[in-house]
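Me: Please look closely at the spaces in this model, beginning with the largest pocket. What kinds of residue line the largest pocket, by class?

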Amino acid sequence: MKEVNALGEILRTIDWSPLYLSLKTGIVATVLTFFLGIGAARQIMKLNNTAKAIADGILTLPLVLPPTVAGFFLLLIFSLRRPFGRYLLDNFDIKLVQTWPGCVMAAFVIAFPLMYRNARAAFEQVDVTMIQAGRTLGLSERKIFWKIVVPIAAPGLASGTVLSFARAIGEYGATTMLAGNILGKTRTVSVAIATEVTGGNWDTAGFWVLVIVLLSFFIVAAMNVISGKNRKNGSGWV
């Protein structure tokens, strides 16, 4: 009963903005990673092996770097004390440091490699004869890509999209480095958990942990559904 009362009190008093900001950030960042990840994978596959290896390493680097390191580089680039950050503000009124767009940028950089890697792997598994058939029919390379390659690679692209969204809503290190921790503005669920623990508010932190665990569970379930729909009939153990 005590736990129920505590949960009820949390639900009555909690500020829901971290959840709203996390979902909004995740959706926008995922849309960006989807199109840019597909575009990058398509272009990388056209390069020779040496250029492909170098470009692939650069694009995949945020996946293996600690998020705080990625956040440091973002802060180095977009800080108003740096030429590029000042240029964006003076000419386009764009500010990423301690703003919600900074949350999106941080989530995008961290989630992008997942979409890129999944897209590239999916494209590499497309049967070349299907592409050659499209060329024989006189289709342009653009039409071949969007009407033949993308539909065939759809399961891999869907998995990459789901993984990118999961990574984006859970991003913490780069977000705190670039966007900070401003309630109602840049405090996402992951940032809120760390903040509440630091403040000794374990019940509220636990509530946000429960929220992110449930979100993660539904994301994993969605991936399983996507994989199940595209699994060949008769495969696996019976």
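Reply: By class, eight nonpolar and five charged residues line the largest pocket of this predicted model, and no polar ones do. The volume of this pocket is about 350 Å³. Its lining consists of 13 residues, and those nearest the centre are Arg42, Met45, Ile131, Phe145 and Val149. Three helices each give two or more residues to this lining: α6, α7 (128-136) and α8 (141-152). Of these, α8 provides the largest share, namely four residues.

The second largest pocket may be described in the same terms. It holds about 280 Å³ of space. Its lining also has 13 residues, with Ile58, Leu59, Pro62, Val109 and Phe112 closest to the centre. At least two lining residues come from each of α3 (49-64), α4 (67-78) and α6. By class, the lining of this second pocket has 13 nonpolar residues, with no polar and no charged ones. The lining of the largest pocket, by comparison, includes five charged residues. The helix α6 gives two or more residues to the lining of the largest pocket, and α6 likewise supplies at least two to that of the second largest.

We may now turn from the pockets to enclosed space. The model has one cavity of 30 Å³ or more. The volume of the largest cavity is about 40 Å³. Its lining is formed by Ser22, Thr25, Cys103, Ala107, Ala168, Ile169, Glu171, Thr175 and Thr188. Two or more of these residues come from each of α2 (17-44), α6 (100-124) and α9 (154-169). By class, four of the lining residues are nonpolar, four are polar and one is charged.

Two of the helices that line the cavity, α2 and α9, also pack against each other, with their axes 8 Å apart and at an angle of about 140°. Because an angle above 115 degrees but not over 145 falls outside the parallel, antiparallel and perpendicular ranges, α2 is oblique to α9. The crossing of α2 with α9 is right-handed. On the α2 side, the residues in contact are Ser22, Leu23, Gly26, Ile27, Ala29, Thr30, Thr33, Phe34 and Ile38. On the α9 side, they are Leu157, Thr161, Ser164, Phe165, Ala168 and Ile169. By class, this contact has nine nonpolar and six polar residues, and no charged ones. Ser22, Ala168 and Ile169 belong to the contact between the helices, and these residues are also among those that line the largest cavity.

How values were computed. Residues are numbered from 1 along each chain as its sequence is written. This is a predicted model: local features need pLDDT of at least 70, side-chain atom pairs count only at pLDDT 80 or more; totals for chains, interfaces and linings use all residues. Side-chain values use heavy atoms; hydrogens and water are left out. On a 1 Å grid over the protein atoms alone, a cavity is a set of points where a 1.4 Å probe fits but cannot get out, and a pocket is an open set with protein on both sides within 12 Å along at least five of seven lines; lining residues have an atom within 4 Å of a point. Grid points are joined across faces, edges and corners, and a volume is the space filled by probe spheres set on the points. Ala, Val, Leu, Ile, Met, Phe, Trp, Tyr, Cys and Pro count as nonpolar, Asp, Glu, Lys and Arg as charged, and the others, Gly among them, as polar. Axes are lines fitted to C-alpha atoms, for helices over the stretch in contact, and angles run from 0 to 180 degrees between N-to-C directions. Angles under 35 degrees count as roughly parallel, over 145 as roughly antiparallel, 65 to 115 as roughly perpendicular and the rest as oblique. A crossing is left-handed if the near helix is turned anticlockwise from the far one by less than a right angle, and right-handed if clockwise. Contact means heavy atoms within 4.5 Å.
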